[in-house]
Amino acid sequence: MEEHEGVEEEEKDPSFEEFSHPIPWQKIEAEGLDCDYALLFLKGEADNLFRQLEEEVVYSTGEEAKVQVFGKVYNIPRKQATYGNAGLTYTYSGVRRLASPWTPTLEYIRNAVTGATGQKFNFVLINRYKDGQDHMGEHRDDEKELDPSCPIASVSLGAARDFVFRHRDARGKRSSRQIDPVKLELAHGSLLLMNPPTNTFWYHSLPVRKKVLSPRINLTFRRILEDVTKQSKRNINSKNPD
DNA sequence: GAAACATCATTGGG
DNA sequence: ACCCAATGATGTTT
């Protein structure tokens, strides 16, 4: 969980204990992978949140919804939106976008995630997958501007989808090692915490699933470093301050 | 066995 | 050095 010093489950930040009911977490571990999975919202509440987000969230269009791969331009196979504190930005495939201001629904979900985890977040990337054809290829969330000590909190609403982790040394034709992928299903109302150093060693993807016919909204809450120069960011990331 | 589905290597400009 | 998605070949499921 937040401070991964071999402490057993349910040892959340004490300052939140009296405000939040404990949630049964499921630990997901492998070499260099450390995740926690739980149901954060009951079905009725998750249904309501999904409906509100469908009304409220404004997704990128035009050039922001395209990506260039091997010289060709494609529409991104999903819809994306970015919300967060004023001035924060997110970079996807070389393009920088500005966070829109928090909406009430997004703040409500963010508070629920903080109550369950004791972690604070200043940014959320929203991905909407209209059906099982929409997907996201294998990647890591290792942007320089992310706080390397903060987990990424992934909230799922709508259709359940498979989610796959693959170790960076077990990819490609002549991979150096044989490490089994870690697969899970992200349910309606669930929360997946990806703790450091998961995103250093493991790629993840949301593969195509042709049998899925309804939409899923995913919210990945992050902590982006604010008011930090590139110089000191590099020092923080390399754990080698002046 | 056939069709549908899943997995994975392949493709390059920024 | 790495990222990103579609494609066709191969492997698996129904």
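Setting aside neighbours within four places in sequence, L219 is in contact (heavy atoms within 4.5 Å) with L53, L106, I109, V124, L125, I126, A153, S154, V155 and L157. This is a predicted model, in which local features need pLDDT of at least 70, side-chain atom pairs count only at pLDDT 80 or more, and totals for chains, interfaces and linings use all residues. Residues are numbered from 1 along each chain as its sequence is written, chains are lettered from A and ligands numbered from 1 in the order in which they are written, and side-chain values use heavy atoms, with hydrogens and water left out.

**The cores**

L219 belongs to the largest nonpolar core, which has 30 residues; I109, V113, I126, V155, L157, L219 and F221 have the most contacts inside it. A nonpolar core here is a set of buried Ala, Val, Leu, Ile, Met, Phe, Trp, Tyr and Cys residues joined through side-chain atoms within 4.5 Å. Buried means under 20% relative accessible area, exposed over 50% and partly exposed in between, using a 1.4 Å probe and protein chains only. Two or more residues of this core come from each of α1 (43-56), β5 (79-84), α2 (104-117), β8 (123-129), β10, β13 (190-194) and β15 (216-222). Helices (H or I, at least four residues) and strands (E, at least two) are DSSP runs, numbered from the N terminus. Another core lies apart from this one and has 28 residues, among them A99, Y129, L184 and M194.

L157 lies in strand β10, residues 152-158. L157 has a relative accessible area of 0% and is therefore buried. Beyond four places in sequence, the contacts of L157 include A46, L49, F50 and L53, as well as P215, R216, I217 and L219. L157 and S190 are 33 residues apart in sequence, and their C-alpha atoms are 7.4 Å apart in space.

**Helix α2**

With 14 residues, α2 reaches 20 Å from its first C-alpha to its last, close to the 20 Å expected at 1.5 Å a residue. The expected span is 1.5 Å times one less than the number of residues. Buried residues in α2 are T105, L106, I109, R110, V113, T114, A116 and T117, and they pack against α1, β5, β8, β10, β13 and β15. Just after α2, G118 takes a positive phi of about 75 degrees.

**The DNA strands**

A residue is near a strand if one of its heavy atoms lies within 4 Å of it. DNA strand C is surrounded by 14 residues, the closest being Y74, R78, Y92, H135 and Y203. Of the strand C atoms within 4 Å of the protein, 78% belong to sugar or phosphate, and the rest to bases. The largest share of the surface near strand C, three residues, comes from β3.

Around DNA strand B are Q68, V69, F70, G71, G172, K173, K183, R209 and K210. Sugar and phosphate make up 49% of the strand B atoms that come within 4 Å of the protein. By class, the surface near strand B has two nonpolar, three polar and four charged residues.

The table gives some N or O pairs between protein and DNA.

| Protein atom | DNA atom | Distance |
|---|---|---|
| Y92, polar side-chain atom | strand C, sugar or linking oxygen | 2.9 Å |
| Y203, side-chain N or O | strand C, phosphate oxygen | 3.1 Å |
| F70, backbone N or O | strand B, base nitrogen | 3.1 Å |
| K183, side-chain N or O | strand B, phosphate oxygen | 3.2 Å |
| R209, polar side-chain atom | strand B, phosphate oxygen | 3.1 Å |

Notes: A polar contact is a pair of N or O atoms within 3.5 Å; within protein, one must be able to donate a hydrogen and the other to accept it, and residues adjacent in sequence count only if both atoms are side-chain atoms. Ala, Val, Leu, Ile, Met, Phe, Trp, Tyr, Cys and Pro count as nonpolar, Asp, Glu, Lys and Arg as charged, and the others, Gly among them, as polar.
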